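Let's walk through this structure together, going from the whole chain to one pair of helices and then to a single residue.

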Amino acid sequence: MKFFCPIEVISTGLVLALLIFTIRNSRLFNFYDHWVHHKLVRHSDTKLWQIITFLNEPKLIVIWDLILAGTLFATHHPYSGSWVVLTLAFTDLLGILLKNSLKRKRPVAPQEVRKGYSFPSGHVLSVTIMGLMLWRIFGKKGGLILFVAIMSVWVLVALSRLNTRAHYPSDIIGATTLGIFCFTIAQQFLTLV
């Protein structure tokens, strides 16, 4: 039984810290982040991206998480049920704290002004942590089909955040890194029970 893997925690923590430092202090990095975002995003703010965004809204992910926890409790896995709720809560709390401390402005779409801050993407953070938890719990049974499903949803959500002009590429990278960082810490508690 693996108790702690400091390499995963340290590497994701360093990437996250470097990204935060660079966003705060490097005009050149921010220029290229804006430039890449502009080059990636085409005028394709379609209904599909809006539906993907809605289905993976962080508040809705909380409902999916509670359904997962309830299912785990009902199938006599109370520790896993508690773990999924606490892991999402821990991850969302860190994401909110990071958003409110960095206060990075969102890309401005000409037709609307979005509320909230940009870094990290809450949608990508929630989908990342849910995908990792689902893989941790059901990966052996779900195999390749589950892996492809999780990765497909993650890619669609990441693309939706770019195509709806809600986030920069670094917001997606930061959210993914934060999700992996939180998951790496949280899974250590699951191995204790």
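Of the 193 residues of the protein, 45% count as buried, meaning under 20% relative accessible area with a 1.4 Å probe and protein chains only. This is a predicted model, where local features need pLDDT of at least 70, side-chain atom pairs count only at pLDDT 80 or more, and totals for chains, interfaces and linings use all residues. Residues are numbered from 1 along each chain as its sequence is written, and side-chain values use heavy atoms, with hydrogens and water left out.

The protein has seven helices and zero strands (DSSP runs numbered from the N terminus: H or I of at least four residues for helices, E of at least two for strands). Among contacts (heavy atoms within 4.5 Å) with a separation of 6 or more, 76% join residues 24 or more positions apart.

Now look at one helix pair. The axes of H3 (residues 47-55) and H6 (residues 122-163) come within 9 Å and cross at roughly 125°, with axes fitted to C-alpha atoms over the stretch in contact and angles running from 0 to 180 degrees between N-to-C directions. That makes H3 oblique to H6, since oblique covers whatever is not under 35 degrees (roughly parallel), over 145 (roughly antiparallel) or 65 to 115 (roughly perpendicular). From H3, Trp49, Ile52 and Thr53 meet H6 residues including His123, Leu156 and Arg161.

Finally, find His34 in helix H2 (residues 27-40). His34 is partly exposed (between 20% and 50%) because its relative accessible area is 37%. The C-alpha atoms of His34 and Tyr168 are separated by 6.8 Å, although the two residues lie 134 residues apart along the chain.
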